Amino acid sequence: MTREEQVLCNLNNEGGFQEGFDILPILKEESYLKAFPEERRCRAFLEFCAEGDVGAILDLINSEEDENASISSDEGAAARPIDVLRYQDPMGSLNTGLHVAISNGREEIVWLLLFLASNLELHYFPPDIVQAARTLGATREEHTGKVDIRVLENSEHGTAENLAQQLGGVWQPWIQSGRLRPVMDGFLPIV
């Protein structure tokens, strides 16, 4: 049996008193973010995917687009922003927001991420999902030169589709429809 490192403490904050709280994951994340502050927005994005917070995701993406538009071209490649929608968490097995949403049973987030960051054609989306996305101000991006989020693999070489297959349950219809599989070699998702 492998023992994970822990730093246990008694924590008293706005959430109340917690005895034997393992603070090490928080310390590791804060240390990482101190070294890589540009990833703070990406870490927040993953939290929103886990929590199912559609509004927060859209706000974050819209504010990111505003920031990216203000970056001057003379700042060059060093100023190139991180693609939040395709971010792979180095502290979390290289999982994407799609992996995180599937892990947490967040179908609405999966639909949103497919709408925003995949080349899944619109006619494969339920009409109420497309209408809701448009009502919330979500717009599909141009995918030329961008990776379809469904292709991205975590550190265990698993796509979001592989994860959904492992979890089953609510994801079974998704697997059967092929929605989580990118269009490759003439494959078209089943409606």
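## A tour from the core outwards

Start with the largest nonpolar core of this predicted model: of its 43 residues, select Phe45, Ile102, Val110, Leu113, Leu116 and Leu180, the members that touch the most others. Now colour the helices that feed this core. At least two residues come from each of α1 (24-35), α2 (40-51), α3 (54-70), α4 (97-103), α5 (107-117), α6 (127-135), α7 (160-167) and α8 (172-177). The top contributor is α5, which puts in nine residues. As background, nonpolar side chains in soluble globular proteins tend to be buried together.

Next, zoom in on Phe45. Setting aside residues up to four places away in sequence, show what Phe45 touches: Ile57, Leu60, Val84, Leu85, Gly97 and Leu113. Leu113 is worth keeping on screen, since Leu113 is also among the core members with the most contacts to other members.

While you are there, pick out two cysteines. Is Cys49 buried or exposed? Cys49 has 0% relative accessibility, so it counts as buried. Cys9, on the other hand, is at 23% and therefore counts as partly exposed, because the buried class stops under 20%. Don't bother hunting for disulfides: the count is zero.

Cys9 takes you to the strands. Select β1 (residues 8-13) and β2 (residues 16-22), which run antiparallel and are joined by five bridges. Together β1 and β2 make a hairpin, with two residues between them. For one pairing to look at, click Asn12 and find its bridge partner in β2, Phe17.

Now jump to the loop between α5 and α6 and select Tyr124. Despite the loop address, Tyr124 has a relative accessible area of 13%, so it is buried. Then draw a distance from the C-alpha of Tyr124 to the C-alpha of Ser177: the two residues are 53 apart in sequence and sit 9.4 Å apart in space.

Last stop: Glu161, in helix α7. How does a glutamate rate here, buried or exposed? At 9% relative accessibility, Glu161 counts as buried. Show what surrounds the Glu161 side of α7: leaving out neighbours within four places in sequence, Glu161 is in contact with Ile175, Leu180 and Arg181. Leu180 closes the loop of the tour, being one of the core residues you selected at the start.

How values were computed: Residues are numbered from 1 along each chain as its sequence is written. This is a predicted model: local features need pLDDT of at least 70, side-chain atom pairs count only at pLDDT 80 or more; totals for chains, interfaces and linings use all residues. Side-chain values use heavy atoms; hydrogens and water are left out. A nonpolar core is a set of buried Ala, Val, Leu, Ile, Met, Phe, Trp, Tyr and Cys residues joined through side-chain atoms within 4.5 Å. Buried means under 20% relative accessible area, exposed over 50%, partly exposed in between (1.4 Å probe, protein chains only). Helices (H or I, at least four residues) and strands (E, at least two) are DSSP runs, numbered from the N terminus. Contact means heavy atoms within 4.5 Å. A disulfide is a pair of cysteine sulfur atoms within 2.5 Å. Two strands pair if DSSP finds at least two bridges between them.
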